[in-house]
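Subject: Handover of a structure

Dear colleague,

Please find below the structure that I am handing over to you. I would ask you to keep it open while you read the notes that come after it.

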Amino acid sequence: MDLIIKKLGFFPHREKEKKFKDYLLDGLKIEFHTLPFLGEFIEIESTDRDHLTKILNQLGLGISMGINRDYSTLFAEYCKKNNLPKDTPCTFEEEQKISNQ
């Protein structure tokens, strides 16, 4: 697919990776994400806010604990705070390379 996209004239803009495991809990999709540089996150998806609130309470969490920014924004903020170039790849390999410096 990468080759097809490149032949159409597109070029890589940003490279990012994440590892995740997803689970279903009482009709909700819960994903545990690990991202280079940023660490671990929980993403919970539901179309029923009341049901979501109930499950969050059972997990000892609340809606106000959520982050309303996407991973690209969080990574850009991380790069700025840590004096990394804004085009730094958000990959586990790059994280390892930088941590070894």
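The notes below cover confidence, one helix, one histidine and the cysteines.

This is a predicted model, in which local features need pLDDT of at least 70 and side-chain atom pairs count only at pLDDT 80 or more, while totals for chains, interfaces and linings use all residues. Residues are numbered from 1 along each chain as its sequence is written, and side-chain values use heavy atoms, with hydrogens and water left out.

Confidence is given as pLDDT, the predictor's confidence in each residue, from 0 to 100. The protein chain has a mean pLDDT of 91, and 100% of its residues reach 70 or more. Confidence is highest in helix α3 (residues 71–81), at a mean of 96, and lowest in helix α2 (residues 49–58), at 88. Helices (H or I, at least four residues) and strands (E, at least two) are DSSP runs, numbered from the N terminus.

Helix α2 deserves a closer look. Its residues His51, Leu52, Ile55 and Leu56 are buried, where buried means under 20% relative accessible area, exposed over 50%, and partly exposed in between (1.4 Å probe, protein chains only). Seen down the axis of α2, these buried residues fall within an arc of 135 degrees, so they line one face of the helix; the arc is that of the directions from the helix axis to the C-beta atoms. Arg49, Asp50 and Asn57, on the other side of α2, are exposed. The buried residues of α2 pack against β1 (19–25), β2 (28–35) and β3 (39–45).

At the N-terminal end, α2 is capped by aspartate 48, which has a side-chain oxygen 3.1 Å from the backbone nitrogen of aspartate 50. After α2 comes glycine 60, with a positive phi near 75 degrees.

Histidine 51 belongs to helix α2. A polar atom of its side chain lies 2.6 Å from the backbone oxygen of aspartate 26. Not counting residues up to four places away in sequence, histidine 51 touches Asp26 and Leu28, a contact being heavy atoms within 4.5 Å.

Finally, how many disulfides does the structure hold? There are zero, a disulfide being a pair of cysteine sulfur atoms within 2.5 Å. The sulfur of cysteine 79 is 7.5 Å from the closest cysteine sulfur, in cysteine 90, which is too far for a bond. Cysteine 79 is buried, with a relative accessible area of 2%. Cysteine 90 is buried too, with a relative accessible area of 4%.

Yours sincerely

Definitions and conventions: A polar contact is a pair of N or O atoms within 3.5 Å; within protein, one must be able to donate a hydrogen and the other to accept it, and residues adjacent in sequence count only if both atoms are side-chain atoms.
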